[in-house]
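User: Could you take a close look at the sheet in this structure for me? I would like to know how its strands are arranged and how the rest of the chain sits around it.

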Amino acid sequence: MIRTGIIRKIDELGRITIPSGICGSLGIVNGVSSIDVWLQDDMVALKRTEESNQNALYSRLIDRNGRYIIPKEIRVRLGLDYGVVIEFFLDEKTIFVKRSLPYCKLCYTTENLVRITSGDICKKCGSEAAKAL
Ligand SMILES: [Zn+2]
């Protein structure tokens, strides 16, 4: 599974905006494509609708602006309320969305973080940056 580093928030209607680059690579067309959604571990799984997808809980259209409503049942299970920050991961044809953990802005690790003004960085990247100054 690939960490995209793309972060978004759940909007007031329980929607996420799927990044256009991800849509493009998966053949998802805004306002046209139907997307299957299901729960996988602590993640929301999304994939362009396929009849063979046994996992799908629901299939819904992505709207013209690339927004997609996460079913309430899934939002409640994962605590994905309005304003919660989520992150996109990719695995072949499936998009995974999970709550964003703090991570290094430079290398994306979630370990050994220190907080700086603009967010978090890991100690390794921090010491490399300090050497470069
Ligand atoms: Zn780092």
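Analyst: Happy to help; here is a walk through the sheet, followed by the domains and one lysine. Please keep in mind that this is a predicted model.

Let's begin with the strand order. The sheet is an open one built from six strands, and reading across it you meet β1, β7, β8, β4, β3 and β5, with antiparallel pairing. At its edges sit β1 (2-9) and β5 (58-61), each of which pairs on one side only. From one strand to the next, the twist averages 30°. As general background, strands of a sheet pair through backbone hydrogen bonds, in either a parallel or an antiparallel way.

Now for one pairing in detail. Strand β7 (residues 85-91) and strand β8 (residues 94-99) run antiparallel and are joined by six bridges. If you want a spot to zoom in on, try Phe88, whose bridge partner in β8 is Val97.

Next, the wider layout. The protein chain is split into domain 1 (2-99) and domain 2 (102-133), and the C-alpha centres of domain 1 and domain 2 are 29 Å apart.

Finally, the lysine. Lys124 belongs to helix α3, which covers residues 123-132. Is Lys124 buried, exposed or partly exposed? Lys124 has 14 C-beta neighbours inside 10 Å, so it counts as partly exposed. Between Lys124 and Lys47 there are 36 Å in space, C-alpha to C-alpha, and the two are 77 residues apart in sequence.

How values were computed: Residues numbered from 1 in each chain as written. Predicted model: local features only at pLDDT ≥ 70, side-chain atom pairs only at ≥ 80, totals over all residues. Helix = DSSP H or I, 4+ residues; strand = E, 2+ residues; numbered from the N terminus. Buried ≥ 20, exposed ≤ 12 C-beta atoms within 10 Å, placed from the backbone. Pairing = 2+ DSSP bridges. Axes fitted to C-alpha atoms, helices over the stretch in contact; angles between N-to-C directions. Domains from an automatic or database assignment.
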